[in-house]
Amino acid sequence: MNDTLPLDNPLRSGLRLSRTPEPCTMVIFGATGDLTSRKLVPALYNLARERRLPGGFSVVGFARREWDDEHFRTVLRDGINANSRSGPVESDLWASFAEGSGFHRASFDDPAGYASLKERLAAIDEQRGTGGNRVFYLATPPEAYPTIIQQLGAAGLGRSPNGGWTRIIVEKPFGRDLESARALNQTLLAVFDEPQVYRIDHYLGKETVQNLLVFRFANGIFEPLWDRRSVDHVQITVAESIGVEDRGGYYDSSGALRDMIQNHLTQLLCLVAMEPPIAYDADAVRDEKVKVLRAIRPLTPDEVARQTVRGQYGPGNVSGRPLRGYREERGVAPGSQTETFVALKLFIESWRWAGVPFYLRSGKALPRRVSEIAIQFKTVPTMLFADTPMNDIEPNVLAIKIQPDEGITLKFGSKVPGHQQIRPVTMDFRYGTSFGVASPEAYERLLLDCMLGDSTLFTRRDEVEASWALITPIHQGWAAGPPCPFPNYEAGLWGPAEADAFIARDGRAWRRLSGTHL
C-alpha cells in the first residue's frame, strides 16, 4: 500500500535503503531513441518508486528532435507505462519524477548546444541542489561517441564545478575490433579519467549473474569442485528466438561474434573462471577477470577454422510463427556473410582450468529465448553399477539460469523407487519462488551503481581491450577463409548442423534447453 504514497509522505520512510546516492543530474544523449523509453527511464522510475534515488535527482534528454520539456515527459511516461516491471505510473510519484525531467535540443556536433547545456546544468544545481554531480549517458549509435566525448571536453563538462563528480556511461558496442576499441579509449581518457568511465554491459546487472560470485565465494560446497579435476567442460549459451527485427542495418555490420560473444558471453566466462578476488571491490574483481581473458589461449588462423562455427538463419518458423530469412531483412545485404549464430571452443591456460574446454554459443532465430551457464562434472572414476540394470548414469550438471527463469539447478542421479533403475533428478532454486518478488531489471542496478560510484559491474579499459584481443583474430581468420554457404540453418532450429558435429567430435553434445528445466 505504501508504494502508492507520495515521495514526501512520512509513511514511505521505511522504504528507504542505505544505498542512496548523492543528488545528481543524468544527461541522456540520444534521449529520443528506443533505449531511453524502453530501458533507462523505466529503470530510473522504478528506482524512484523504491526510494533509491536521491532528492533533487534530475534527467535531461539531449537530442536534435524538435521536442520541448512537456512532450519529452509525455514520451517518458508512455515508455514507463509500456515497459516498467512495476506497471502503470503512480500519479503522485510521476509528478515528482517529471518535475525533474526536461529536454535539451541540440545536435551532437554543435558546440553551442554544449555551452547551453552547461548553463542548464548549473541552473539545475542551484534549483534542485544537485551539487555539480553529473552522469552523462551515451545512448546513441556508437559512431556518435567520439563527437559527444570531444564536445563535452571542449565545453569543460569533463569535470564538475562546486566539488561535485562527473561520470560517463558508454553503451556497447565499445569498438568493433581491438584497434577501434583502443582509439575510443584514448578519446575517452583525453577528457575523463578512468575512474569516471563506466562501460556498461547490461548482462552484469542481471540478478543471477551477480549471484554467481556469491554462489561461488560465499558457499563452501562447490568451490573445491570448481576446477579441472572435477569439471569435464562448461557450456555458456545465450539464445534468442527473435531475428534482427528492425536492426538489420546495424546488425549486418556487427554479427553475433561482436554483438554477443565479445561482451556478454566473455563476461559470463570470466565470472565462471576467475580466481577469488582479494576483496569485493571494483578493481579487485576486475583484476581477476582480466587475468582470465589474458589466460585464454589465442586462436591461430588454422585453429579458427577448427574451433569456431558460423551460421546464418534462413526462412523458417519459431514457436509456430513464420520468420523470414536474415538476408530478406531490411538493411541486410542480399549476399551478406554476417553470422547470426556462432559457436566456439576456448581453453584457459591456468592451473585451475588447464584442459577444460569452454563452449560458447549464441544465435538469433533459435527455438527459445534462454541464457544459461552449465557446468558439467566428470563422471565417477569407477562405475559401480556397470554390470547392473542401473548402468545408465548421466553426468552431474550445475546450471545457472540467467533468463527467462532466473535460478540455479543441480542434476544428479537417484534410484527409482521399486525399480533397478537410476534416473536424473533436479534440485531447483528460483528467484521468484524463493523470494516472492520480481528481480529488478539489470539497468536499475547498473544505473544506481554508477550514481554511487561503484564500478564493480562495469568494464575497465584493459578488460575491454583484452576481450577484443581475443575476438579480433577470429574475425581475421574468417575473413581469410572462403565464404560460408549461408543461410545454413532454418529459423527455429538450434543453429547449423555443423555446430552439432563441432562438439560431437569431442564426444560431447549441446544441452537441450527448454528455458525452464535441465
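1. Helix 10 and helix 14 cross with a left-handed sense. The model is a predicted one. The axes of helix 10 (residues 282-295) and helix 14 come within 9 Å, and their crossing angle is roughly 15°. Because angles under 35 degrees count as roughly parallel, helix 10 is roughly parallel to helix 14. On the helix 10 side the contact is made by Arg286, Lys289, Val290, Leu293 and Arg294. Helix 14 contributes Asp462, Glu463, Ala466 and Ser467.

2. Two residues of that contact, Arg286 and Asp462, appear again among the charged side chains. The salt bridge between Arg324 and Glu329 is best listed here too: their closest N and O atoms are 3.2 Å apart. The two partners differ in burial, since Arg324 has a relative accessibility of 45% and counts as partly exposed, whereas Glu329 has a relative accessible area of 6% and is buried. Elsewhere, salt bridges with shared partners join Asp283, Arg286, Asp287, Arg460 and Asp462 into one network.

3. Ser455 also has a link to Arg286. The residue lies in the loop between helix 13 (442-452) and helix 14 (461-480). Is Ser455 buried or exposed? With a relative accessible area of 11%, Ser455 is buried, because buried means under 20%. Apart from neighbours within four places in sequence, Ser455 is in contact with Tyr198, Ala282 and Arg286.

4. The structure holds 35 salt bridges. One of them pairs the side chains of Lys364 and Glu240, at 3.0 Å from N to O. This pair links distant parts of the chain, with the two positions 124 residues apart in numbering. Lys364 sits in the loop between strand 13 (357-363) and strand 14 (370-377). Glu240 sits in the loop between strand 7 (231-239) and helix 8 (248-252). Both Lys364 and Glu240 are buried.

5. A further salt bridge is local. The side chains of Arg73 and Glu70 meet at 3.6 Å, N to O. Why are Arg73 and Glu70 separated by about one helical turn? Both belong to helix 2 (residues 69-83), and they are three residues apart there, so about one helical turn separates them.

6. How many disulfides are there? The count comes to zero. Cys24 serves as an example: its sulfur is 8.3 Å from the closest cysteine sulfur, which belongs to Cys450. That is too far for a bond, because a disulfide needs the two sulfur atoms within 2.5 Å. Cys24 has a relative accessibility of 0% and counts as buried.

7. Asn488 is found in the loop between helix 14 and strand 18 (489-490). Asn488 is buried, its relative accessible area being 18%. Which residues is Asn488 in contact with, leaving aside its neighbours within four places in sequence? They are Arg310, Gly311, Gln312, Pro496 and Glu498. For Gly311, the C-alpha atoms of the two residues are separated by 5.9 Å, although Asn488 and Gly311 are 177 residues apart along the chain.

Methods: Residues are numbered from 1 along each chain as its sequence is written. This is a predicted model: local features need pLDDT of at least 70, side-chain atom pairs count only at pLDDT 80 or more; totals for chains, interfaces and linings use all residues. Side-chain values use heavy atoms; hydrogens and water are left out. A salt bridge is a side-chain nitrogen of Lys or Arg within 4 Å of a carboxyl oxygen of Asp or Glu. Helices (H or I, at least four residues) and strands (E, at least two) are DSSP runs, numbered from the N terminus. Buried means under 20% relative accessible area, exposed over 50%, partly exposed in between (1.4 Å probe, protein chains only). Contact means heavy atoms within 4.5 Å. Axes are lines fitted to C-alpha atoms, for helices over the stretch in contact, and angles run from 0 to 180 degrees between N-to-C directions. Angles under 35 degrees count as roughly parallel, over 145 as roughly antiparallel, 65 to 115 as roughly perpendicular and the rest as oblique. A crossing is left-handed if the near helix is turned anticlockwise from the far one by less than a right angle, and right-handed if clockwise.
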